[in-house]
Amino acid sequence: MIRIYLLFLLFCYSINASANTPAKDTLVADFDHLRSAVDLRPYVMSLEDKRGVLTPQQIISASFNHNYHLFHVEKKHIGKGNNCWLKLHVKNAGSHDSVLTLFTGWHDDMNWYVQDTTGGKPRMLMQTGLMKDHGDVHRWEHYGFCVTVPPGQTRTFFLHINNKYYNENGLMPVLFNALQYARFRSGQLEYFRGETILIHVLLGMLLVCLAIAVINYIQLPDKSYMYFAAYMLGLIFFFTLRLESQPYQLSVFYRWPMLKYYWDIPALLFCFYLMYLAFGNTFLNLQERYPFMEKLFTSVAAIIGGIIIICFYCIAQEQYQVPVLIYSYVYISTLLPFLVVFIALAKRSRHHPLVRFFLFGSLCFYMASFGSFLMLVRPLGLINALGEMSAPSLLIVAGVLLQSMFFLAGLSYRNKLVHHERTRTQELLIKQLNKNKELQRKLNEQLEELVKEQTTEILRKKQELEEQRKAHLETEYDKKLTEIELKAIRAQINPHFIFNCLNSIQLFVMQRDFEYAQKYLSDFSYLIRKTLDFSRRNFISLADEIAYLNTYLGLEKMRFEHKMEYEIIVDPAIATSELEVPAMLLQPYVENAVKYGMTNTNYPIGKLLIQFNQTDPDMLECLIEDNGIGIIRSKTLRTLPKHHQSSGMEISFNRAELLNKMYNTGIHIDVIDKSENNDTESGTIVRILIPQL
């Protein structure tokens, strides 16, 4: 009987002991006196959810198991991603309701659940992750999960980890008390502080380079500065986003955590390929010096631009591994071509000093990136190394800074060359201006001699005719006299017009507007040559007259700083190359229209219209219309003495009479003031009828 009683007591004790013994996957810890950080790998059960379809309600009945291969200390290349659930049973063996902290690492998306003692649906306690933003600047503080268990009780916790990026940070579950977690956090801060300081130093240097490039671009609008500034801006944006990946750091882009994923691989392609090729193309002026290399750079830059768009699309579709693969192929496939390009440029560096700056800067970053790649291949593997080679290591930082310094030095040297070229061009323009002044002086002397000779000839002929007083020579005398007078009139050039042209050329040179000065000189020289040519001819083609008027009006328009507009309309039925008009007949009327068409205060822009119409098969009509002050008002405003007034219209009228007398042409000229017909209008219309012989 005693034996049976003892067996019964032993059985009851065993039942009670088994009821109080925790399971093997349950962590029993004294929350009051947790001596050291607890490695939870032996206690954590895991479940992989590759399709990402499990819900917290389904997790309760799911089958968990131990998987030590899931955990790792260092960063690991995981390919397409990792979606898993962790399950932890914790029993508080202490006597107080203390709080512990679970830390598993820095991951993209994490949800922390607790299951109530009733065994119901898990309740979410916390959400955090590198890809989540709650508008909180202290987002880095939220990666420790609170483990709260009442004394003597057991609770079940679930942690859902979803890493979408191709590189997964360390995944190692550790349990800390408050003091241990503070020490751990302080150690992590010291670990990341060195890299953060390096990023800040690099950002400061890049900002200086960007400021220099922008200032120089404002002073000298050169595309090389624009591409270099874009290159610096892309690097600044890239390394600033790197701060977002450093724990316990405050980034300016903390409200947009996904930016660091979108501007990771695309930044490498944009900065080190697209902007690099665009900068080299304009900096070296490949289009003029090396056309084949220019086509190569342009084609590769266009391909890189398309690849960047593809990378953005893949990232938007959460295919983070695809841009890494694309960049791997681009990087490996361009190593040898870049080396060939460097060798080709090195052979031309003697004749093109800018090549040296571009070559040295490129080689600095080329060697730095390749050395960083070789150092990362062994610990991380090929694909992972290419994804991490842009990390701000000392080698990469040195390469980027050296490249930026060489490129800036090259841009400064290019600035110096441009300045010397402009100075030389200015000197050439001044020499040409002096030559033109000398030419104008000689031309005036020749014109004066020609007028004197013609005047002497006229007087001599007139004296001969008076002495002879013979009827059979009277007609011959009138004809020759008329021809000589026409030559003398055609040989006249308005000195005021020449003076205005030279003043305008001098103004453009002083304003360093060398392009306008050169064009003004060319048109002015053409006008002088044509004036001398037409002075020897009685009639010229209508096409030559139109070209002459276009050149003259173009000079006047440039002189008035585009405050005048003109238009020459020719009837399509007119054959301008076959029709002939008297030389230098229309120019005085056009000059008079320009002179008084620019002084009307009612119109800020003077307008001049010249029309050529075929009124009859043998009659050409020319209309010269302006919106100036008109004839009547111009006469009332004249204050200069008579000998200073323009005599161009009177000369042209006399020429028309002489031509009518010589060739019996019947040229008719009418000058109409618009205000006579309509008080609201102002301006002058000159109507010239020229019969065709």
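Before the first helix pair, one term: the axes I will mention are lines fitted to C-alpha atoms, for helices over the stretch in contact, and the angles run from 0 to 180 degrees between N-to-C directions. Please keep in mind throughout that this is a predicted model.

With that in hand, let me start with helix α3, residues 178-219, and helix α4, residues 223-243, which pack at an angle of about 160 degrees with their axes 9 Å apart. Since angles over 145 degrees count as roughly antiparallel, α3 is therefore roughly antiparallel to α4. The crossing of α3 past α4 is left-handed. If you want to find this contact on the screen, the α3 side includes Thr196, Ile199, His200, Leu203 and Tyr217, and the α4 side includes Tyr225, Phe228, Met232, Phe239 and Arg242. Sorted by class, the residues in the contact of α3 with α4 are 19 nonpolar, 4 polar and 1 charged.

Now, α3 has a second set of neighbours, because besides packing on α4 it also lies across strands β6, β9 and β12, the last of these being residues 174-176, and it runs at about 115 degrees to β12. Those strands belong to an open sheet of 4 strands, in the order β2-β12-β6-β9, with antiparallel pairing. Its edge strands, each pairing on one side only, are β2 at 38-39 and β9 at 144-148. Within that sheet, strand β6, residues 99-103, is joined to β9 by 5 bridges, and the two run antiparallel; one pair to look for is Thr101, whose bridge partner in β9 is Cys146.

Let me turn next to the annotated membrane spans. The unreviewed UniProt entry lists, under "transmembrane region", residues 197-218, 225-241, 261-284, 296-316, 322-345, 357-377 and 389-413. I will take two of these as examples. For residues 296-316 the model gives 100% helix and 0% strand, with the end C-alpha atoms 31 Å apart. For residues 322-345 the composition is again 100% helix and 0% strand, and here the end C-alpha atoms lie 34 Å apart.

How do helices α8 and α9 cross? Helix α8, residues 291-316, and helix α9, residues 321-347, have axes that come within 11 Å and cross at roughly 165 degrees, and the two helices are therefore roughly antiparallel to each other. As α8 passes α9, the crossing is left-handed. On the α8 side the contact is made by residues including Met293, Phe297, Ile304, Cys311 and Cys314, and on the α9 side by residues including Val322, Pro323, Ile326, Val341 and Leu345. The class count for this contact is 15 nonpolar residues, with no polar and no charged residues.

Moving further along the chain, we come to another sheet and the helices beside it. Here 5 strands form an open sheet in the order β14-β16-β17-β19-β18, and the pairing is mixed. The edge strands, each pairing on one side only, are β14 at 564-570 and β18 at 668-673, while the twist averages 15 degrees from one strand to the next. Strand β16, residues 606-616, and strand β17, residues 619-626, run antiparallel and are joined by 8 bridges; in that pairing, Ile610 stands opposite Ile624 in β17.

Which strands does helix α16 lie across? This helix, residues 542-559, lies across β14, β16 and β17, and runs at about 170 degrees to β14. It also meets helix α15, residues 514-534: the axes of α15 and α16 come within 10 Å and cross at roughly 140 degrees, and the two helices are therefore oblique to each other. The crossing of α15 past α16 is, once more, left-handed. Among the contact residues are Tyr516, Lys519, Asp523, Phe524 and Lys530 of α15, together with Asp544, Tyr548, Tyr552, Leu555 and Arg559 of α16. By class, this contact of α15 with α16 has 11 nonpolar, 2 polar and 5 charged residues.

Technical notes
Residues numbered from 1 in each chain as written. Predicted model: local features only at pLDDT ≥ 70, side-chain atom pairs only at ≥ 80, totals over all residues. Heavy atoms only, no water. Parallel < 35°, antiparallel > 145°, perpendicular 65-115°, else oblique. Left-handed = near helix turned anticlockwise from the far one by under 90°. Contact = heavy atoms within 4.5 Å. Nonpolar A, V, L, I, M, F, W, Y, C, P; charged D, E, K, R; others polar. UniProt positions renumbered as here; feature names shortened; annotations may be inferred. Pairing = 2+ DSSP bridges.
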